[in-house]
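Colleague: I have a few short questions about this one before I set anything up. Can we go through them in order?

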Amino acid sequence: TKEELKLVYPQNYKEIIEENCAKYDFNPSVMYALVRSESFFDADVQSVAGANGLTQLMVPTADDIARRLKKSDYDIVDPATNVELGTWYLNNLYTRCNNSFLMAFFSYNGGITRVRKWLKGSMIEFGQKSAMPEDLFLETVPITETREYGRKLVSATVMYDYLYNNISFADSVQQVIK
């Protein structure tokens, strides 16, 4: 049931996530999917690579974002701060990736420069002149972890849209993958 699925796709930190999504004009379902996938809402988690907090930011990335947001002193594991930095960063990637959630997901995981290189290679390989269908590009991402990360975030975003916004799977997928 939807109620049972909401236990698997919770909206923990709802006030913080939705406040930052409103602040940066970003889709809350996408941020819930990111936080669920990165940390499963555990604010104290740290990855073996050194990523921290709910949105699993690396310290150099967080430092750069904080500088851009004019935050001279911040705590990377503070939930409100971490979600703000993560929301700003994913929204920035989304904008830099021509308003593509899928490309922003790949960039969040693998780096925007790599993603652009992969896209260019895939376009050449498939004879595309100006655009590559994102669902096809998803299948050509050369790093398995990044490819699976994109799939996981797409499916989680679709579930959040379905459970909390009554958006059909098909409509949500069309918004996430162009």
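Modeller: What follows covers pockets, cysteines and aromatic rings, and the model is a predicted one.

Colleague: Pockets, then. What volume does the largest pocket have?

Modeller: The space in the largest pocket comes to about 450 Å³.

Colleague: Which residues lie nearest its centre?

Modeller: Those are E38, A51, Q56, Y108 and N109, out of 18 residues in the lining. Helices α3 (28-39), α6 (101-110) and α9 (144-165) each contribute at least two residues to the lining of the largest pocket. Sorted by class, this lining holds six nonpolar, eight polar and four charged residues.

Colleague: And the second largest pocket, what volume there?

Modeller: About 280 Å³. It is lined by 15 residues, with C97, N98, M103, L119 and E134 closest to the centre.

Colleague: Which helix gives the most to that lining?

Modeller: Helix α7 (residues 112-125), which supplies five residues. The class split for the second largest pocket is eight nonpolar, three polar and four charged.

Colleague: You listed C97 there. How many disulfides does the model have?

Modeller: The count is zero.

Colleague: Why is C21 not bonded to C97?

Modeller: Because the two sulfurs are 17 Å apart, too far for a bond, and C97 holds the closest cysteine sulfur to that of C21.

Colleague: Is C21 buried or exposed?

Modeller: C21 is buried, at 3% relative accessible area. C97 also counts as buried, with 9% relative accessibility.

Colleague: Next topic, rings. How many aromatic pairs?

Modeller: The count is 10 aromatic pairs. In one of them, Y32 and Y160 have ring centres 5.4 Å apart and planes at 20 degrees, so that pair is stacked. It connects distant parts of the chain, as Y32 is in helix α3 and Y160 in helix α9, 128 residues apart. Both Y32 and Y160 are buried.

Colleague: What about Y160 and Y164?

Modeller: Y160 and Y164 are a stacked pair too, 5.8 Å centre to centre with 20 degrees between the planes. They sit four residues apart in helix α9, about one turn of the helix. Y160 has a relative accessible area of 0%, whereas Y164 is partly exposed at 24%.

Colleague: Which residues form the cluster with Y160?

Modeller: Y9, Y32 and Y164 join Y160 in one aromatic cluster.

Colleague: What charged end sits over the ring of Y9?

Modeller: That of R36, at 3.9 Å from the ring centre. Elsewhere, K2 lies over the face of Y162, 4.5 Å from the centre of that ring.

Note on methods: Residues are numbered from 1 along each chain as its sequence is written. This is a predicted model: local features need pLDDT of at least 70, side-chain atom pairs count only at pLDDT 80 or more; totals for chains, interfaces and linings use all residues. Side-chain values use heavy atoms; hydrogens and water are left out. On a 1 Å grid over the protein atoms alone, a cavity is a set of points where a 1.4 Å probe fits but cannot get out, and a pocket is an open set with protein on both sides within 12 Å along at least five of seven lines; lining residues have an atom within 4 Å of a point. Grid points are joined across faces, edges and corners, and a volume is the space filled by probe spheres set on the points. Ala, Val, Leu, Ile, Met, Phe, Trp, Tyr, Cys and Pro count as nonpolar, Asp, Glu, Lys and Arg as charged, and the others, Gly among them, as polar. A disulfide is a pair of cysteine sulfur atoms within 2.5 Å. Buried means under 20% relative accessible area, exposed over 50%, partly exposed in between (1.4 Å probe, protein chains only). Rings of Phe, Tyr and Trp (its six-membered ring) pair if their centres lie within 6.5 Å; planes under 30 degrees apart count as stacked, over 60 as edge-to-face and the rest as tilted. A charge sits over a ring if NZ of Lys or CZ of Arg is within 6 Å of the ring centre and within 35 degrees of the ring normal.
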